[in-house]
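Grab the model, open it in your viewer and work through the exercises below. Try each task on your own before you read its solution.

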Amino acid sequence: MINKIKSIKEKVPQVATLPDGYYNGTWSGYVIEVHYKGKTFELETEEGVKSVGFKVVVQVENGVATFGKVNS
């Protein structure tokens, strides 16, 4: 079966910043996903996890982001 393509769009990731503050996120592999002002941001971590869905808090201070795991 052959289907028709309706449109083709280029997906261009761009580097972004978050303002100073605390953000709730979900950590899977080497990526933390954070939602802010209706947008989704992917933060790449130095260390990875083998599981998915760890709840974390990201702190941005003076442009430097760090994170810690939330205790359940």
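**Exercise 1. Work out how strands β1, β4 and β5 are put together in this predicted model.**

Solution. Start with β1, residues 21-28, and β4, residues 54-61. These two strands pair in the antiparallel sense, over seven bridges. To get the register, pick out W27: its bridge partner in β4 is F54.

Now step across to β5, residues 64-69. β4 and β5 also run antiparallel, and six bridges join them. The register here can be read from V60, which has A65 as its bridge partner in β5. Between the strands of this β4 and β5 hairpin there are two residues.

**Exercise 2. Find the backbone at K37 and at N62: which sign does phi take in each residue, and is each one buried or exposed?**

Solution. Take K37 to begin with. Phi is near 50° there, so to speak on the positive side, in a residue other than glycine. K37 sits in the loop between β2 (31-36) and β3 (39-44). Its relative accessible area is 71%, and the cut-off for exposed is over 50%, so K37 is exposed.Next comes N62. Phi is positive again, near 55°, and N62 is a residue other than glycine. N62 belongs to the loop between β4 and β5. With a relative accessibility of 68%, N62 counts as exposed.

**Exercise 3. Describe the aromatic cluster around W27: which rings pair with W27, and in what geometry?**

Solution. A quick reminder on what to look up: a pair of aromatic rings is described by the distance of the centres and the angle of the planes.

Step one is the count: the structure holds three aromatic pairs. One of them is formed by W27 and F54, with 6.3 Å from centre to centre and 50° between the planes. That pair is tilted. W27 lies in strand β1 and F54 in strand β4, so the pair ties together parts that are 27 residues apart in sequence.

Step two is the contact of W27 with F67. The ring centres of W27 and F67 are 4.8 Å apart and the planes are at 70°. Planes over 60 degrees apart count as edge-to-face, so this pair is edge-to-face. W27 is in strand β1 and F67 in strand β5, so here the parts tied together are 40 residues apart in sequence.

Step three, put the pieces together: ring pairs link W27, F54 and F67 into a cluster. Then check accessibility. W27 is buried, at a relative accessible area of 11%. F54 is partly exposed at 23%, and F67 counts as partly exposed at 34%.

**Exercise 4. Place G53: where is it in the fold, and which residues is it in contact with beyond its sequence neighbours?**

Solution. G53 is found in the loop between β3 and β4. At 36% relative accessibility, G53 counts as partly exposed. Leave aside the neighbours within four places in sequence, and the contacts of G53 are T26, W27 and S28. For a sense of distance, compare with K37: G53 and K37 are 16 residues apart in sequence, and their C-alpha atoms are 21 Å apart in space.

**Exercise 5. Place L43 in the same way: which strand holds it, and is it buried or exposed?**

Solution. L43 lies in strand β3. Its relative accessibility is 18%, and buried means under 20%, so L43 counts as buried. Again skipping neighbours within four places in sequence, L43 is in contact with Y30, V31, I32, V34 and V58. Now look toward A16: L43 and A16 are 27 residues apart in sequence, yet 9.6 Å apart in space, C-alpha to C-alpha.

**Exercise 6. Characterise the largest pocket: how many residues line it, and which element gives the most to the lining?**

Solution. Begin with the volume: about 560 Å³ of space lies in the largest pocket. Its lining is made of 16 residues, and those nearest the centre are Q14, A16, T17, F41 and E42. Next, sort the lining by element: β3 and β5 are the elements that give two or more residues. β3 gives the most, with six residues. Last, sort by class: the lining has nine nonpolar, four polar and three charged residues.

How values were computed: Residues numbered from 1 in each chain as written. Predicted model: local features only at pLDDT ≥ 70, side-chain atom pairs only at ≥ 80, totals over all residues. Heavy atoms only, no water. Pairing = 2+ DSSP bridges. Helix = DSSP H or I, 4+ residues; strand = E, 2+ residues; numbered from the N terminus. Buried < 20%, exposed > 50% of the residue type's maximum accessible area, 1.4 Å probe, protein only. 1 Å grid on protein atoms, 1.4 Å probe; cavity = no way out; pocket = protein on both sides within 12 Å on 5 of 7 lines; lining within 4 Å. Points joined across faces, edges and corners; volume = space filled by probe spheres on them. Nonpolar A, V, L, I, M, F, W, Y, C, P; charged D, E, K, R; others polar. Contact = heavy atoms within 4.5 Å. Phe/Tyr/Trp six-rings, centres within 6.5 Å; stacked < 30°, edge-to-face > 60°.
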